[in-house]
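The exercises below ask for careful reading of a model, and each is followed by a worked solution. Please look at the structure before turning to the solutions.

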Amino acid sequence: MSWGIELWDQFDNLEKHTQWGIDILEKYIKFVKERTEIELSYAKQLRNLSKKYQPKKNSKEEEEYRYTACKAFLSTLNEMNDYAGQHEVISENMTSQIIVELARYVQELKQERKSHFHDGRKAQQHIETCWKQLESSKRRFERDCKEADRAQQYFEKMDADINVTKADVEKARQQAQTRHQMAEDSKADYSSILQKFNHEQHAYYHTHIPSIFQKIQEMEERRIVRIGESVKTYAELDRQVIPIIGKCLDGIVKAAESIDPKNDSQLVVEAYKSGFEPPGDIEFEDYTQPMKRTVSDNSLSNSRGEGKSELKFGGKSKGKLWPFIKKNKLSLKLGATPEDFSNLPPEQRRKKLQQKVDELNKEIQKEMDQRDAITKMKDVYLKNPQMGDPASLDHKLAEVSQNIEKLRLETQKFEAWLAEVEGRLPARSDQARRQSGMYEAQNAPSVNNCAQDRESSPDGSYTEEQSQESEVKVLATDFDDEFDDEEPLPAIGTCKALYTFEGQNEGTISVVEGETLYVIEEDKGDGWTRIRRNEDEEGYVPTSYVEVYLDKNAKGAKTYI
């Protein structure tokens, strides 16, 4: 089956059909493009939906996600976010592997089609030109034959007429011979052109057109194969993300299976347990005999204090069984939450106080890290005055020390309330143990409980002088230790600058992207690394601006050369 043989006379229809094929291909490209837009829109809506229901930070809603059911819901939101990402992957892959490739192929197909049909039209024009030449030669041969016949008849007439002179007869004879020769020449020319035309026509219908149509057929079949491959790719791109989408769904199922109703019930107990004992039985009051009404030792009314009016037996006594309830509601309505959380039940108050103590300890640790960083910078300025003025850091150092002292006093206050709630005496050693384990481990060498930095006056108040004096002693000791050795710090490794940094502040050093320098001091948690370019140039750069390569075998023995 060949178009060149079967469709030798369907040039125009083949031209229309191939253009229709290109239109179909462009329509498929448009379909896939709209699909990618839908995938992107769907992914965006899924992400917005997941973000909409995410718990807000530092809000009551975030605390609710302690429950396993809420954790499962949060896992579902996170998995849906990943699920949306897979739809974005589908869109990106379809764009790169189908839309872009097919768009390029369509342009190539249009150029190839244009070339083939240009060759076809050129062959048509050539055969039409040959046909016109044949027709012109045929008409000329016919005309010359008729002229020769007329000339022959005229000569014969002149020759038969006795009244015509011999000269006229000779002239007529010559004219007839001339016309006859012209007819013979036209016949020969017509015969030659006819043979040439038949040869060109045979080549046109049996060589040129079949070859061109065969190329068009191959082009069209390639287009059909390309569409089939694109459809297959369309399905495979969807299939590729199915395992990951399955993992997302498995994650949601796993989160659902992790829901523990018993655990959630326990969390409710921990969240709302008041710590009060239920009230005891109310004894019968016999008014027939003068008796003093006694109240159960375990009753809540008795636990709230003595000296209150005795409960009256009857309906009016119902409102006095839980006096703290009305008090708490009133204080909450007025918005006056006490600093010591005394409006809360004992158990909830203990949790709030413990939380506050932990927060304050974290703040203290943060301030102490900042103080250490400033002290280190000041030490650098003292050793290298050209890098900055040490006195410029005194104000900041004093401000940080004051913040630490304020936080310590605040911590002591909340620890005392916490000890009171737990039924312990506010002893200093006990209060120190109330600090979180992390804070105690990190600060045991330099910072004990706030009560250890000051002494109590006879009236129970605390003085600031002892704390400030100890603070100065600690700084002085650190200062002396830093200046014991005036030798340059050894290089502990090298680093490569990832970005250009303009060191405009005192104590910093400028680096250029790609530059290699020596590391003389690691990042201590303040985000700065101390480096050296040569003996006279050293300073601090942001740790995120360099890639550090530490020499593990050096241990301080490697010096700058």
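**Exercise 1.** What span should the 93 residues of helix H4 have at 1.5 Å a residue, and how far apart are its end C-alpha atoms?

Solution. This is a predicted model, in which local features need pLDDT of at least 70 and side-chain atom pairs count only at pLDDT 80 or more, while totals for chains, interfaces and linings use all residues. Residues are numbered from 1 along each chain as its sequence is written, and side-chain values use heavy atoms, with hydrogens and water left out.

Step one is to fix the element: helices (H or I, at least four residues) and strands (E, at least two) are DSSP runs numbered from the N terminus, and H4 covers residues 68-160. Step two is the expected span, taken as 1.5 Å times one less than the number of residues, which for H4 gives 138 Å. Step three is the comparison: the end C-alpha atoms of H4 are 135 Å apart, which agrees with that expectation. Step four adds a local detail, since H4 has a kink of about 35 degrees centred on Thr95, where the bend is the angle between axes fitted to the seven residues ending at a residue and the seven starting there.

**Exercise 2.** Describe the overall make-up of the protein, from its elements to its contacts.

Solution. Begin with the elements, of which the protein has 13 helices and 5 strands. Next, of its 561 residues, 32% are buried, where buried means under 20% relative accessible area, exposed over 50% and partly exposed in between (1.4 Å probe, protein chains only). Then turn to contacts (heavy atoms within 4.5 Å): among those between residues at least 6 apart in sequence, 68% join residues at least 24 apart. A single pair shows how sequence and space can be read together, for Ala256 and Thr68 are 188 residues apart in sequence and 8.8 Å apart in space, C-alpha to C-alpha. Ala256 itself lies in helix H5 and is partly exposed, at 44% relative accessibility.

**Exercise 3.** Are Arg223 and Glu220 buried or exposed, and how many residues apart are they in helix H5?

Solution. First, establish the pairing: Arg223 and Glu220 form a salt bridge, with 2.4 Å between the closest N and O atoms, a salt bridge being a side-chain nitrogen of Lys or Arg within 4 Å of a carboxyl oxygen of Asp or Glu. Second, consider cover: Arg223 is buried at 4% relative accessibility, and Glu220 is buried at 3%. Third, place both in H5 (residues 166-257), where, being 3 residues apart, they are separated by about one helical turn. An α-helix has 3.6 residues a turn, so residues three or four places apart point the same way. Fourth, set beside this pair the salt bridge of Arg239 with Glu236 (3.7 Å, N to O), whose residues also lie 3 apart in H5; here Glu236 is partly exposed, with a relative accessible area of 32%.

**Exercise 4.** Which residues are joined with Arg530 and Glu538 into one network by salt bridges that share partners?

Solution. Start from the pair itself, as Arg530 and Glu538 form a salt bridge in which the closest N and O atoms are 2.8 Å apart. Arg530 is buried, with a relative accessible area of 4%, and Glu538 is buried, with 13%. Shared partners then join Lys376, Glu521 and Arg532 with Arg530 and Glu538 into one network. The structure holds 24 salt bridges.
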